[in-house]
Structures are given as structure tokens and as C-alpha cells.
Amino acid sequence: MEKPSIKQPDYLFEVSWEVCNKVGGIHTVLSTKAALVERKFLEKYICIGPDVWKGSGTHPEFVEDKTLFKLWRQQMEQMGLKTKIGRWRINGNPIVVLVDFTPYFFERNEVFKHFWINYKLDSLYGQWDYIEPALFGFAAGKVIECFYWNHINSTDNVVAHFHEWMTGTGLLYLNEHIPQVATVFTTHASVTGRAIAGKGLALYQNLDTYIPEQQAKESNVFSKHSLERITAENADCFTTVSWVTATECAKMLGRVPFLL
């Protein structure tokens, strides 16, 4: 029996709240592998992160390069997308697009209404620590959509890799608008699992006894849990980083992930 051929992507997008935004461990994961990935894909590897730098002086991790993708930049401007394109100041210096998602603050009710109608994504209980990442993911999906329709050939294989619940709306957006783009969703620990452990409760010892939706509501992370669960359900490929988190995700999110 012949082994099925494994297709290699021609373009790889990597989306994370921690691209050029060091707030947790995902930043380390991405920055340490970037040189290897960039060496393989060159300018067809594009990272997407939030434009949230508010410090004085130059951005410590990002340098803008207005010679990169001039046409794409113009097309995004025409779509009302506010972005910066440049390089990530890490080993490998991959191309980065930083997305300003703040213009969508005024449209958030319509955005979340759309996701409720189409996916039953419950954003009702989400506070700003949910709203901002969810709008960033939505904007990131539009950025990839713009690139796809203007720069991708019909024969190209495109993969968009989304990290953690904060990017989930981007994956859902692509599933609706460009389903031919293969989507990967990686979680490093579930939102609800983190919340349970954060309260000092035994997570893995009592894993079978927990009701995820009930725990999410009690921990005030229900909207985040809803987004994470729906993203895991709809991703073409759902992954995590260890068999321990795979067991956790299977319980909390209802889908058994692959291990990276």
C-alpha cells in the first residue's frame, strides 16, 4: 500500500498575541523556532501580531521596512486595515505584520453578533481582556485574506497557524471566507484548566469530575473558553505540546489534539 504523500505549504502564516509582544511563554516558543522556519520558507513565512507597543522610543522587537510587500500594504489600506510590515528583531529576522485592531472597537457588537450567529460563540461575558484579543484575531484573519486574494496562485498550498484562544476568531474568519487555507490551532494549556489550577485545585487528579462550562463560568472565563472550544472544533488540525495537555484538552475542549 502506498503511503499518502505529505504536501508542504508554499506559504506559512503564524499568528499569535505574543509576536513582537513578550507577555508569556508563547513568545519564547515562537522566537526560538523562527530562524529554522524562516530558513525553510524565506519570505513566504509571515508572522502576525498585535500592534500594541506603547512605550517611548523605538519598538524593542520590531523594525518597519516599507520596501516589503508594497502592493499588499496598499491593498490593506484600501480595506481599512491599519498595519505595519517589517522584521522581528530575533534570530532569523522573519517578516512580521503588526495589526492595529483598535478600529474594530466600534464594530465589536456586530463582529461578535456575526460569530454568535455562525458559530454560537458566546462573547456576552467577555471583558476587555477577551475583547481585545478577539478583535485582533478577527483583523489578522482579514490580513491573511487580503494577501491570499492578491498574491496567492490557485496551485499554492497555504497554512495559517494560530496560537492560543486569543487568535481563534482569525481561524474562524478564514474558515468562512477562505476555507481552502489549511488552519492549525495550537493550545499550550486550556483556559479553563489554567483557571482551575490558578484556584489551587487539583486539575489532573480530578480531571474526570470537572464540567468545563460550569468551571469556566465559576472562574469568569466563559467567553474565552467558548472561543477556545469552538476554535478547536473548527480547526483543520488541532495540536498541543504534551500528552498531559492533550488529556486536559480532550476533556475541556471536547477534541483530542495531535502532539507537536
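**Exercise 1. A lysine between two helices**

Is Lys120 buried, partly exposed or exposed? Place the residue in the chain and list its contacts.

*Solution.* Keep in mind that this is a predicted model. Start with the accessibility: Lys120 has a relative accessible area of 47%. Buried means under 20% and exposed means over 50%, so Lys120 is partly exposed. Next, find the residue in the chain: Lys120 sits in the loop between α3 and α4. Now look for its partners. Leaving out residues up to four places away in sequence, Lys120 touches Phe115, Ser226 and Ile230. Finally, take Ile230 from that list: Lys120 and Ile230 are 110 residues apart in sequence, with 8.4 Å from C-alpha to C-alpha.

**Exercise 2. How two helices cross**

Work out how helices α3 and α4 are oriented to each other, and describe the residues at their contact.

*Solution.* Begin with the axes. Helix α3 covers residues 108–119 and helix α4 covers residues 128–151; their axes come within 11 Å and cross at roughly 75°. An angle of 65 to 115 degrees counts as roughly perpendicular, so α3 is roughly perpendicular to α4.

Then go to the residues. From α3 come Arg108, Val111, Phe112 and Phe115, which meet Trp128, Tyr130, Ile131, Ala134, Leu135 and Phe138 of α4. Sorted by class, this contact has 9 nonpolar residues, no polar ones and 1 charged residue.

**Exercise 3. A tyrosine in helix α4**

Follow Tyr130 from its place in the chain to its surroundings.

*Solution.* Tyr130 belongs to helix α4. With 1% relative accessibility, Tyr130 counts as buried. Its contacts, not counting residues up to four places away in sequence, are Phe112, Leu121, Ser123, Trp165, Ser223, Lys224 and Leu227. For a sense of distance, compare Tyr130 with Cys146: the two are 16 residues apart in sequence and 25 Å apart in space, C-alpha to C-alpha.

**Exercise 4. The nonpolar cores**

Which residues have the most contacts inside the largest nonpolar core, and which element gives the most to it?

*Solution.* First, the core itself: the largest one has 66 residues, and Phe13, Ile48 and Trp72 are those with the most contacts inside it. Second, its source: α4 gives the most, with 13 residues. Third, zoom in on one of these residues. Apart from residues up to four places away in sequence, Trp72 touches Phe13, Ile46, Ile85, Val97, Val143, Cys146, Phe147 and His151. Fourth, there is a second, separate core of 17 residues, with Leu12, Val19, Leu30 and Ile90 among them. As background, nonpolar side chains in soluble globular proteins tend to be buried together.

**Exercise 5. Aromatic rings**

Classify the ring pairs Phe101–Phe136 and Phe185–Phe238 by geometry, then say where their members lie.

*Solution.* The whole structure holds 19 aromatic pairs. In the pair of Phe101 and Phe136, the centres are 6.4 Å apart and the planes are at 65°. Planes over 60 degrees apart count as edge-to-face, so this pair is edge-to-face. Phe101 lies in the loop between β5 (95–100) and α3, Phe136 in helix α4; they are 35 residues apart, and the pair links distant parts of the chain. Both are buried: Phe101 has 4% relative accessibility, and Phe136 has 0%.

Turn to Phe185 and Phe238. Their ring centres are 5.8 Å apart with the planes at 15°, so the pair is stacked. This pair also links distant parts of the chain: Phe185 is in strand β7 (residues 182–186), Phe238 in strand β8 (residues 237–240), 53 residues apart. Phe185 is buried at 0% relative accessibility, and Phe238 is buried at 1%.

To finish, look for a group of rings: Tyr11, Phe13, Phe69, Trp72 and Phe147 are linked by ring pairs into a cluster.

**Exercise 6. Three loop residues**

Describe Phe69, Asn93 and Pro60 in their loops.

*Solution.* Take Phe69 first: it lies in the loop between β3 (62–64) and α2 (70–78). Its phi is near 45°, a positive value in a residue other than glycine. Asn93 also has a phi near 45°. Asn93 is in the loop between β4 (82–88) and β5, and is partly exposed at 40% relative accessibility. Pro60 is in the loop between β2 (45–50) and β3. Beyond neighbours within four places in sequence, Pro60 is in contact with Trp53 and Arg89.

How values were computed. Residues are numbered from 1 along each chain as its sequence is written. This is a predicted model: local features need pLDDT of at least 70, side-chain atom pairs count only at pLDDT 80 or more; totals for chains, interfaces and linings use all residues. Side-chain values use heavy atoms; hydrogens and water are left out. Axes are lines fitted to C-alpha atoms, for helices over the stretch in contact, and angles run from 0 to 180 degrees between N-to-C directions. Helices (H or I, at least four residues) and strands (E, at least two) are DSSP runs, numbered from the N terminus. Angles under 35 degrees count as roughly parallel, over 145 as roughly antiparallel, 65 to 115 as roughly perpendicular and the rest as oblique. Contact means heavy atoms within 4.5 Å. Ala, Val, Leu, Ile, Met, Phe, Trp, Tyr, Cys and Pro count as nonpolar, Asp, Glu, Lys and Arg as charged, and the others, Gly among them, as polar. A nonpolar core is a set of buried Ala, Val, Leu, Ile, Met, Phe, Trp, Tyr and Cys residues joined through side-chain atoms within 4.5 Å. Buried means under 20% relative accessible area, exposed over 50%, partly exposed in between (1.4 Å probe, protein chains only). Rings of Phe, Tyr and Trp (its six-membered ring) pair if their centres lie within 6.5 Å; planes under 30 degrees apart count as stacked, over 60 as edge-to-face and the rest as tilted.
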